[in-house]
Amino acid sequence: MTTRPASLAFSLAPVLLLQTGAQAPAPEMAVRLVPAAPDGKGHIPYVDVSIAVEGEKASAGEAVFALPVVANTLVTSANDLTDLRFSDAAGALAVMSRDEVQDGSNTLRRWIAGRAVSGAIRVEYRVPIHADAPPLALPQYEMRTEGGTFAAASNAFLLVPVDHVARRVHVSWDFSRYDSGSATHGVGASSIGASSIGMGDAWSHEALAPERLGSIYVMGGHPGSFGPASDGFFGVWQGKPAFDMAPTMRWAGDLHRFYGRFFGYTPPSFGVFGRTNTKNPGSGIGLVDSFAFTFNQTSTPADLRSLLAHEMLHSWVNSLDGSMDVADGLDRSWFGEGLAVYYQRALPYRAGMISTKDFLADLNETVARYYTNAKIATPNAEIPDGFWRDTRIRVLPYDRGSLYFAVVDAQIRAASKGKRSLDDIVRAMLAARRAGKPMNEALYRSLLKGDLGQKGVAGLDAMLAGGVQLPPSDAFGPQFRRIQVPLRRFDLGFDPASLIGRPRIVQGLIAGSEAQKAGLRDGDEIVNTFPQDKLQGDQTAWLTLDVRRDGQTFSLRYQPRGETVMAYQWVAAR
C-alpha cells in the first residue's frame, strides 16, 4: 500500500526577545526526516521529508526553493521526488519548476511560486532510495541505503530557500515507522539519526546561509557510532568495515581537538560520516562542521587517517569567501584545498600522531603526482573549466596549492629568522572570518606582502599563472632532504573527456599507449566507473576497463602510465 509523506506536524517555536530593543533572532528552518522501515535486505525504501521555513518572501512568479538536478556531475534525487506539496499560511501554494543548466557539471531546479507567499512556507515530499543503484566514483552526495541505514548529502535531496537569508536550522527525526519494522527484519530495534548539525534532534549553533544548507550530511537507521564526546565530536558509519572503526574515530577526535588548539577555535559539534563504496573508497567531501568519507573491505585505518586529517581541516581552512564547491568558485580552490593538503600531514606530524614514514608517504604521493603531471603548467584560471573533465587538472589545486604553501612557509621563516611562518598568516585570516570580516584573496595578498614584500605577491601571481612550485630541500624540516627519481606520467591512453559523456565512448586513442597495447580501440564503450585522482598518484596501480564492443562486453587491464620523467621526492636526511 502506498502512503503519502508524513504530515507537517511540527511548528517553528517562537523565540522571545529578552529585552526591549534586542536584535531580532534569525529566522528558522525546520527539517523532519521520517525513514521507512527497512526491508528484509536491510534497505530503507524511502524517506519522507517535511520542511518549514520562516522569513521567506516571494511574489507571484518568483522562485522560493531550489535543489540541484546535477551536482558536480552527480545526478541527485530531484527527478525521483514524489507527493511534493507546498503550502503557507494561506493554504496550498501552487508552484511550477524550472531547470537551469549552470555549466556542464551542474543543473539547478527552481520552484516558482504561483502567487505571493504568506507566512512560513511548508514543503512535504518523499525521497525514494534505489538500493540497486551501482556505486559511483563521483562526489558522495547521493542517497544510499544498506545495513538498515540511509545516508546522503542535503544537496542531493533537500529543497532549500533561494533567498540570501541565514537561518538557524533544526533537524529532527521520526523513527516510528522504522522501529515498527526494523526488528522484524533483524536490523535491530535501536535507531540513530545524525546530521552535520549534531546527533539526534539538533539545532545549528549558528544561522546558516542558503548556500551552506546544501552541505549538510544526514545518516539514519542503524549505523555504527562513536560518541558524541564531551566536546561534541562524533562519528557514524554505514555498512561494516573490515576493522574496528572506534579506535580510528578516537584518533580523529584527538586530532580534531589538536586542530582546535592550533587554530584557536573549535566548533560546538563536529561529525564524521562514513559509508561503503566498492568503486571509490578513500574519497571525502567537506561539509558544515563535518565531513563524509568512503571505505570498503580493503580499507585500513592507515588509509583513513590521511583522509580524516584532510577533511577535518576544512572546518577551519575552507575556501576564500564564496564557495569552492560551485563552478565559479573552483578558481579559489588552490587556497582551501592547498592548505588542507599542506596541513593534513604537517599538523598530525607536529602532534606526534603520525610517524616520519607516514609523513613522507603522504608528501611523496603528492609531489610524485604533481611533478609527473602533464598538465602541471595549467593556469589557475583554467581550473574551473577542466576540473570535472580531466583528473590531471582536478588535482592541481591540491598538489600545486600545497607545494606553493610549503614554498611560502619556507620564505617567511627565512625572512623572519624563524620568528614567523605561514601559520601566522592563516590564523590572521581565520580570525578575520570569525570577526565577520572578508577572508578573501585581497586579505591574503596584504598579509603576504607584509611578510615577504612585493616578491611574495609576485610569487603568488606566478603560481596562479601555472608556475611550477619547488620548495627548498629543507622546507619540511632539516630531517628531510630533496632528491630526484625517474617516475612515469599518468596517461589513460585516450582523451579523458571520453569519460564524462553518456555513454562513455573512447575517443582520441593514443598510438603506442598502454591502453592501445591492451587492446582498447576508438569507439569502444567503457561501462564501468573508477576513481582517477588516487589512481594518478599510484605509480604501481593497474586499471581495469569493462568495455563493450559489437554487443560483447569484456575487460582490459593495463597500467595507465606514459613517458618517464625525473621527478622530486623527499627522504630522511642522513
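## Helices and strands

Helices and strands are here taken as DSSP runs, with at least four residues for a helix and at least two for a strand, numbered from the N terminus. In this predicted model, the protein has 13 helices together with 28 strands.

## Overall form

How does the radius of gyration fit with what a compact globule would have? For 574 residues, a compact globule would be expected to have a radius of gyration near 25 Å, and because the protein has 25 Å, the two agree. Along the principal axes, the C-alpha atoms fill a box of roughly 70 × 70 × 45 Å.

Of the 574 residues in the protein, 53% are buried. Among the contacts with a separation of 6 or more, 68% are between residues that stand 24 or more positions apart.

## The nonpolar cores

The largest nonpolar core holds 77 residues, and the members that touch the most others within it are Y259, F263, F293, W334, Y343 and Y444. Helix α3, which covers residues 245-263, gives the most to this core, with 10 residues.

If neighbours up to four places away in sequence are set aside, W334 touches a list of residues that includes L320, L339, P397, Y404, F405, Y444, L460, M463 and L464, as well as N380, G401 and E441. Apart from the largest core, there is a second, separate core of 45 residues, among them V127, F150, V169 and L208.

## Surface and charge

The protein exposes about 23800 Å², of which carbon and sulfur atoms supply 52%. Its charged side chains number 58 positive and 58 negative, and the centres of these two sets lie 5 Å apart.

Definitions and conventions:
Residues numbered from 1 in each chain as written. Predicted model: local features only at pLDDT ≥ 70, side-chain atom pairs only at ≥ 80, totals over all residues. Heavy atoms only, no water. Rg over C-alpha atoms; globule rule 2.2 N^0.38 Å. Buried < 20%, exposed > 50% of the residue type's maximum accessible area, 1.4 Å probe, protein only. Contact = heavy atoms within 4.5 Å. Areas by Shrake-Rupley, 256 points an atom, 1.4 Å probe, with all protein chains shown as cover. Lys, Arg positive; Asp, Glu negative; His and termini not counted. Charge placed at Lys NZ, Arg CZ, Asp CG, Glu CD. Core = buried A, V, L, I, M, F, W, Y, C linked by side-chain atoms within 4.5 Å.
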